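Open the model in your viewer and keep the sequence panel at hand. Each stop below gives a selection and then what is there.

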Amino acid sequence: MVKLIHTLADHDDDVNCCAFSSSLLATCSLDKTIRLYSLSDFTEVPYSPLKFHTYAVHCCCFSPSGHILASCSTDGTTVLWDAQNGQILAVMEQPSGSPVRVCRFSPDSACLVSGASDGTVVLWNAQSYKLHRCASVKDGSLVACAFSPPGNLFVTGSSCGDLTVWDDKMRCLHNEKAHDLGITCCDFSSQPVPGGEEGLQFFQLASCGQDCQIKIWVISFIHILGFELKYKSTLTGHCAPVLACAFSHDGQMLVSGSVDKSVIVYDTNTENILHTLTQHTRYVTTCAFAPNILLLATGSMDKTVKIWQFEKETLCQAKIQDQPKQFTENWSEDDVSNWLCAEGLEDLVDIFKMNNIDGRELLNLTKESLADDLKIDGYSYEKEAMENWISKKKRTSPMTNLVLSSMILTPNRTLKMAINRWLSETHQK
């Protein structure tokens, strides 16, 4: 379940962006301000709002350490703030003076990228506040940017729909039409995709656009040969342009916000929709996950930022029930044993170890192989009836007549829950 726990309504105009650090939430707006809230109780900090920009603030982001906040504006500037006291550290002017639409820190906090409406992209030294390198895309405004987790390259998205990959020397490595009607946002998952070969890392990139789609890409990094970008899949669910997307910090969920006023949370392993949130009354323009706690922030043209809390059961469901399809194949026998213990199936550990069940074998188990190969019954009985069966020194399955390798009974919790749910519904009627 996802629960709405707070609504922030301090901005006087559309909310354009929100971002988390480990202790703060930052929001920015067409009203020219940036506001900061404490995550402990969502009260605004004493030095908020931050005021400097003379026009709309389009984007804000924290450095990975959370000590510095960057904001960028239609006024052509990117401003660095001390997140602890709200003091201005630097004002960096886009060389062309064009409105700055997006800004992002590198994973090591050494650099900051700013992208502008005229297609220029600037790489700033975040320590000296000096312009390091500058380039531009062929067509359209730069509206989206994301650094790869290793930090050796970053991706920009344009209003013409192009994804462009740059290295840390601002060399254009790749350009691809991703969304026909224009890109609105992009984000990297910070967690690598398991199963990469030695010396090869895979990361997922999400992009969204005016075509109402969210596309998932896989970028592979080969230390010597470079990188490769491949289209993976398209997520559906929105019926209007998608304006924002963001991965959770553990990589298990992806959230999106749309012109259709909805927020959708996807399971990144199965790509199924986990939750659809519809409490905003106008376009959803931004969304962000907190780094250390199960919180989601969404901002809208309705001038509000809503804070959502995920219950632990939701996270466990995403991590355990959906995980095997993508991740379990690479589990060792010990990983399988740990998973059995986490699921409360400690009694099966010895049987699985005796049969050398690793992740790949686990995925291939069927009801028949459980009965024939592992000598696990696979059927459910009344506990009292089965105990009576065993007490008569019978060592075979009542259903299959196969010899049981263990006399330990394992509770069928799923069946019990279903029975309890049926009983509850029956009583209600």
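Select strand 4 and strand 5 (residues 50-51). The two pair in the antiparallel sense, over two bridges. Pick out I34 and you will find L50 of strand 5 standing opposite. This is a predicted model, so read each stop as a feature of that prediction.

Stay in the loop between strand 4 and strand 5, where P49 has its place. Show the backbone from S48 to P49. The peptide bond joining S48 and P49 is cis, with omega about 5°.

Now select the whole of strand 4, residues 33-38. Is this strand covered on one face or on both faces? Both faces are covered. In a regular strand, side chains alternate between the two faces of the sheet. Here T33, R35 and Y37 lie on one side, and I34, L36 and S38 on the other; all are buried. Buried means under 20% relative accessible area. Since six of the six residues of strand 4 meet that mark, the strand is largely enclosed by the rest of the structure.

Add strand 3, residues 24-29. Strand 3 runs antiparallel to strand 4, and five bridges join them. L24 stands opposite S38 in strand 4. Strands 3 and 4 form a hairpin, with three residues between them. Select K32 in that turn: its phi is positive, at about 80°.

Two loop residues come next. Go to Y129, in the loop between strand 12 (120-125) and strand 13 (131-136). Y129 is not a glycine, yet its phi is positive, about 65°. Colour by accessibility and Y129 comes out partly exposed, because its relative accessible area is 29%.

Then select C212, in the loop between strand 19 (200-209) and strand 20 (214-222). Phi of C212 is also positive, near 75°, in a residue other than glycine. C212 counts as partly exposed, at 25% relative accessibility.

Move on to strand 22, residues 242-247. Strand 22 is mostly covered, with six of its six residues buried. Strand 23 (residues 253-258) runs antiparallel to strand 22, and five bridges join the two. C245 stands opposite S256 in strand 23. Strands 22 and 23 form a hairpin with five residues between them. In the turn, G251 has a positive phi of about 75°.

Within strand 23, select M253. Is M253 buried or exposed? M253 counts as buried because its relative accessibility is 3%. Draw a distance from the C-alpha of M253 to that of Y266: the separation is 5.5 Å, for residues 13 apart along the chain.

Y266 leads to the next selection, as one of the residues lining the largest cavity. Rolling a probe the size of a water molecule over the atoms shows where empty space is left. Select the full lining: Q204, I216, L235, F247, L254, Y266, D267, T268 and E271. The cavity they line has a volume of about 40 Å³. Five of the lining residues are nonpolar, two are polar and two are charged. The structure holds two cavities of 30 Å³ or more.

Finish by selecting everything. The protein has eight helices and 28 strands. Of its 429 residues, 48% are buried. The accessible surface comes to about 20700 Å², and carbon and sulfur atoms account for 49% of that. Take the contacts between residues at least 6 apart in sequence: 43% of these join residues at least 24 apart.

Key:
Residues are numbered from 1 along each chain as its sequence is written. This is a predicted model: local features need pLDDT of at least 70, side-chain atom pairs count only at pLDDT 80 or more; totals for chains, interfaces and linings use all residues. Side-chain values use heavy atoms; hydrogens and water are left out. On a 1 Å grid over the protein atoms alone, a cavity is a set of points where a 1.4 Å probe fits but cannot get out, and a pocket is an open set with protein on both sides within 12 Å along at least five of seven lines; lining residues have an atom within 4 Å of a point. Grid points are joined across faces, edges and corners, and a volume is the space filled by probe spheres set on the points. Ala, Val, Leu, Ile, Met, Phe, Trp, Tyr, Cys and Pro count as nonpolar, Asp, Glu, Lys and Arg as charged, and the others, Gly among them, as polar. Buried means under 20% relative accessible area, exposed over 50%, partly exposed in between (1.4 Å probe, protein chains only). Helices (H or I, at least four residues) and strands (E, at least two) are DSSP runs, numbered from the N terminus. Two strands pair if DSSP finds at least two bridges between them. Contact means heavy atoms within 4.5 Å. Accessible areas come from the Shrake-Rupley method with a 1.4 Å probe; for residues, only the protein chains shown count as cover.
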